Amino acid sequence: MIKRFCIENKMAYIHSIIKVSKMDFLEYKPQIENTFEQVRALSFEEKKASVFDEQKINRLLDKILEFKRTYTTKTNKINFLVEKIEEITWFNNLDEESLMSINDLISSIRDLHSSLLRQYVSLDLIRSKGIASEETKKFKAAIDDLKDVAADLESRFFFLPNIAGFQETTKELSLI
Amino acid sequence: MTIFCLEDFKAQFEKLKKKNSYAAIEGDIINYFFDKEITQLISGTRLNNSHDIPYIKKRLNGSGGFRVYFLLVIKDGKIYLMFLHPKTGSLGYENITDDSKALLYKKVLESIKTNNLYNVTVNKNKLIFKKN
């Protein structure tokens, strides 16, 4: 009798544990599922976001490369012009009309120099961020050369020939 | 081809060479002027009116480098280095005045007449100046 009572009690205890566990599970499940959904959604969003950021970075890098190419092309064009202008200094015995054309050319070079210098100044922010620093440095050097070559052209045809003794020195050198 | 220089060139070269920021100057001069045919040096800005004895201003080391003033006596294969200056840095300036260009031109004539020149050669990638 006592033994039977003990068995029944034990069974009742086990049933109560199972009942509590089932109740807990039912209570936690939605919370787990809810959290899972939140993680899944955020994971998806972040995955999308990282791809989106990569695209943004690629677009920015493309723009920087395009900027570099643009200024390299501009620099090459200026350097080409500088060489062409230098070649003019090798011309001899120019008539009045040609000298007038050279005078116009000097004005045009200076006008071009002003425009390019304004462009360079407008790149201040980009340069301060260290973007395309090599390209902008070469661009500035080419602009400076353009200014320099305009001054040289003016010296060669308008100023140096009028400095006392300059032409005589050329004559004397040819006799040595 | 024989290379000479004026005192002005030598003095300026030695002053610049002492500065670390102009360390490239010696190599640039050697690369541009030495082991070349004289006709290879006919480029840059010509400042006088002579095809045979051009007075040249040359930009060395690309943009932002040095400016060298020299005279070529093409028929004799002789070069007279007259002056140089950097465009940037603590000793740099953009250009020299027209009066200075004319004065250098007179000086080179006088120096040739009086043989007051340095003969410039290269030894172990260094410029050697020897008084004539």
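These are notes on a predicted model with chains A and B, taken point by point.

1. Confidence in chain A. The mean pLDDT of chain A is 88, and 87% of its residues score at least 70. Within chain A, helix H1 (residues 2–88) has the lowest confidence, with a mean of 82. Helix H2 of chain A (residues 96–122) has the highest, at 96.

2. Make-up of chain B. Chain B contains 3 helices and 7 strands. Their order along the sequence is β-α-α-β-β-β-β-α-β-β. The radius of gyration of chain B is 14 Å, close to the 14 Å given by the globule rule for 132 residues, so chain B is as compact as a globular protein of that length.

3. Dimensions and packing of chain B. The C-alpha trace of chain B spans about 35 × 35 × 25 Å along its principal axes. Of the 132 residues in chain B, 39% are buried. If one takes the contacts in chain B between residues at least 6 apart in sequence, 51% of them join residues at least 24 apart.

4. Helix H2 of chain B. Which residues of this helix, which runs over residues 25–33, are buried? They are Ile25(B), Ile29(B) and Phe33(B). Viewed down the axis of H2(B), the buried residues lie within an arc of 40°, so they line one face of the helix. The spacing fits a general rule: an α-helix has 3.6 residues a turn, so residues three or four places apart point the same way.

5. What H2(B) packs against. The partners of its buried residues are spread over several elements of chain B. They are helix H1 (7–17) and four strands: E1 (2–5), E4 (66–73), E5 (78–86) and E7 (126–131). Just after H2(B) comes Asp35(B), with a positive phi of about 55°.

6. The interface. How many residues of chain B are in contact with chain A? There are 25, and they meet 26 residues of chain A. Three elements of chain B each supply at least two residues of the side that touches chain A: strand E2 (45–46), strand E3 (55–60) and helix H3 (98–114). H3(B) gives the largest share of that side, 8 residues.

7. Residue classes at the interface. The side of chain B that touches chain A has 10 charged, 9 polar and 6 nonpolar residues.

Conventions
Residues numbered from 1 in each chain as written. Chains lettered and ligands numbered in written order. Predicted model: local features only at pLDDT ≥ 70, side-chain atom pairs only at ≥ 80, totals over all residues. Contact = placed C-beta atoms within 7 Å. Nonpolar A, V, L, I, M, F, W, Y, C, P; charged D, E, K, R; others polar. Rg over C-alpha atoms; globule rule 2.2 N^0.38 Å. Buried ≥ 20, exposed ≤ 12 C-beta atoms within 10 Å, placed from the backbone. Arc of directions from axis to C-beta. pLDDT = per-residue confidence, 0-100.
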